[in-house]
Amino acid sequence: MKSTLLKILAGLALLVIGVFAGKFLFGSSGAESVPLPSTLNYRNAGISESSTEIKDFTGNVIEVKKGSSIQEAVKKAQPGDLIRVFPGTYSENVYIDKDNISIQGVVIEGKWPTLDGKKEINDAFLYSGNGILIENFKIINYKGNAIMGQAGNNFIIRNNWIIDTGVYGIFPQYGKNGLIEHNVLSKIADAAIYVGMCDNVDVRHNEVFDNVAGIEIENSRHCLVENNYVHDNTGGLLAFVTPGLPIKTTFDVILRNNFVVNNNHENFGAPGSTVSGIPKGTGILIMAADDAIIENNIITGNNNTGITIVDLANGDPKANDPNSEGNPDRVVILDNIMYDNGNDPIGEIKAIMLTKMQTKGPDIFAFGGGKGSTIRDKNKYRTFGIDSYGPAQIMDTRDVVTMRTPEPVPDRAVSKEELGELTYYGVCAGCHAVGSRLIGVPTEWIQMIHKDNPQGIVDYINKPKNLRDDYPEMPPQDYLSEEAKMAVAEFILSIDIDEGFKKKVPLDKITAK
């Protein structure tokens, strides 16, 4: 009996040794088992699903491992190259000013490559190149943004895990033809996903929670927001116009097949900023956006309203931009599942409902101007303010598969004369607007402080000084070329701004602590 037991134990020991030996001698390493990007869109690359073999891929693969620098790899990379970043912690700002660069994190046995800003660094990734792909990163503890695009076209931002990165999570600014998918974002003080002044962008399959704004389409056109899980934010899905920005419109936005649930988080946005005015309990907000379609969403548990549709005069009464048309026109509400919304309305909605002898907020609340809006079945929901809405003329949007363009849009070719304008649109306008407060001071204040002194703006770009306690510190933009800094400084001073804006606040008040 004892002999038999010893034989069994010996056999098991040999089996274990054999398994480990086989893995050591013949098995592939963890790195080799990680697939390359499944879709290197616009790179003319064919990827084998079963191995790391790349077919028809002419670029180089640059590996970054723990202890080395992602930025150094970017400096070495040429258009068409792939940078693969292995697990480890990287505390740096990565600036990508080249075209067609793909940066892929490699996740091995649950270990992610992690960019940790330690609340000392402003941005994790900044890109101004075209054809940029960023995927498979954990990004934490930055002060400004996790991933910000600065006028780059044909971008893909995918499968990133973003926590507490300051003002914005994913923020493409002034770009065309982009895809944002399979990302998870939380604890962002403004918008988790912020599509600003962009065209032809799909935002799909993301989860956003514990943010002020979940997904925000601002001054952008031709956007599809689909299959996202948007929960426990202050406001869930937003499509609106912010006055004072160079692009004046938001239109052709589809909000479809999303879960918009329990968006009742306290608003912790910067006081005075646009998003600080979002009432907690807002499921979907349409403000001054035209041709927005809301279809087949599950909207539930939002304590203020399920859907709010409002004009600028009521939604952002402090804004003053004569070139922004402030009414939400031709909004279309198709079939949605809405229940258990409006249980604890606040502010103006609470006051308005009390005039109707009601204490509960509606599923759909519309207030202010706008024309041509329609709804599939207005009797299906609890509503306020949609008496003028006619019957919807469409049944669904199933024919719209994507808002992206069939082919990549041309790369931006920037002349010397256009450099200042492009830099302002792609970099500065994310935080500064004329006549409105975003994150930074209004643009007219910058003109007043640095009148006829572009070098003063350049010096401030390189080494900002916080002049006011009620505004956050501006991060240095010293990665910009000297030519770009001077060009944008001169452009800011050349913007034709109504003198009325400048008379609102005396110069000594602007620079006061």
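The chain contains 10 helices and 36 strands in this predicted model. Of its 513 residues, 53% count as buried. The points below cover the chain as a whole, one sheet, one helix and two cysteines.

**The chain as a whole**

- Among contacts in the chain with a separation of 6 or more, 58% are between residues 24 or more positions apart.
- The chain exposes about 22,700 Å², and carbon and sulfur atoms supply 54% of that area.

**The sheet of 10 strands**

- Ten strands pair in parallel to form an open sheet, and their order is 5-8-11-14-17-20-23-26-29-32.
- Strand 5 (88-90) and strand 32 (337-339) each have a single partner strand, so one side of each lacks a neighbour in the sheet, and these two strands stand at the edges.
- From one strand to the next, the twist averages 10°.
- Within this order, strand 8 (residues 113-116) runs parallel to strand 11 (residues 138-140), and 3 bridges join the two.
- One residue pair can be named here: Leu115 has Ile139, in strand 11, as its bridge partner.

**Helix 4**

- Helix 4 spans residues 347-355, and its residues Ile349, Ile352 and Met353 are buried.
- Viewed down the axis of helix 4, the buried residues fall within an arc of 100°, so they line one face of the helix.
- A general rule of helix geometry is relevant to this pattern: an α-helix has 3.6 residues a turn, so residues three or four places apart point the same way.
- The buried residues of helix 4 pack against three strands, namely strand 30 (305-310), strand 33 (364-367) and strand 35 (383-384).
- Gly347 and Thr355 are exposed, and they lie on the face of helix 4 that is turned away from its buried side.
- Just after helix 4, Met357 adopts a positive phi of about 60°.

**Cysteines**

- A disulfide is a covalent bond between the sulfur atoms of two cysteines.
- A search of the whole structure finds 0 disulfides.
- Cys198 is in no disulfide, and the nearest cysteine sulfur to it, that of Cys223, is 7.1 Å away.
- Likewise, Cys223 is in no disulfide, its nearest cysteine sulfur being that of Cys198.
- The distance of 7.1 Å between these sulfur atoms does not meet the cut-off, because a disulfide requires a pair of cysteine sulfur atoms within 2.5 Å.
- Cys198 is buried, with a relative accessible area of 0%.
- Cys223 is also buried, and its relative accessible area is 0%.

How values were computed
Residues are numbered from 1 along each chain as its sequence is written. This is a predicted model: local features need pLDDT of at least 70, side-chain atom pairs count only at pLDDT 80 or more; totals for chains, interfaces and linings use all residues. Side-chain values use heavy atoms; hydrogens and water are left out. Helices (H or I, at least four residues) and strands (E, at least two) are DSSP runs, numbered from the N terminus. Buried means under 20% relative accessible area, exposed over 50%, partly exposed in between (1.4 Å probe, protein chains only). Contact means heavy atoms within 4.5 Å. Accessible areas come from the Shrake-Rupley method with a 1.4 Å probe; for residues, only the protein chains shown count as cover. Two strands pair if DSSP finds at least two bridges between them. Axes are lines fitted to C-alpha atoms, for helices over the stretch in contact, and angles run from 0 to 180 degrees between N-to-C directions. The arc is that of the directions from the helix axis to the C-beta atoms.
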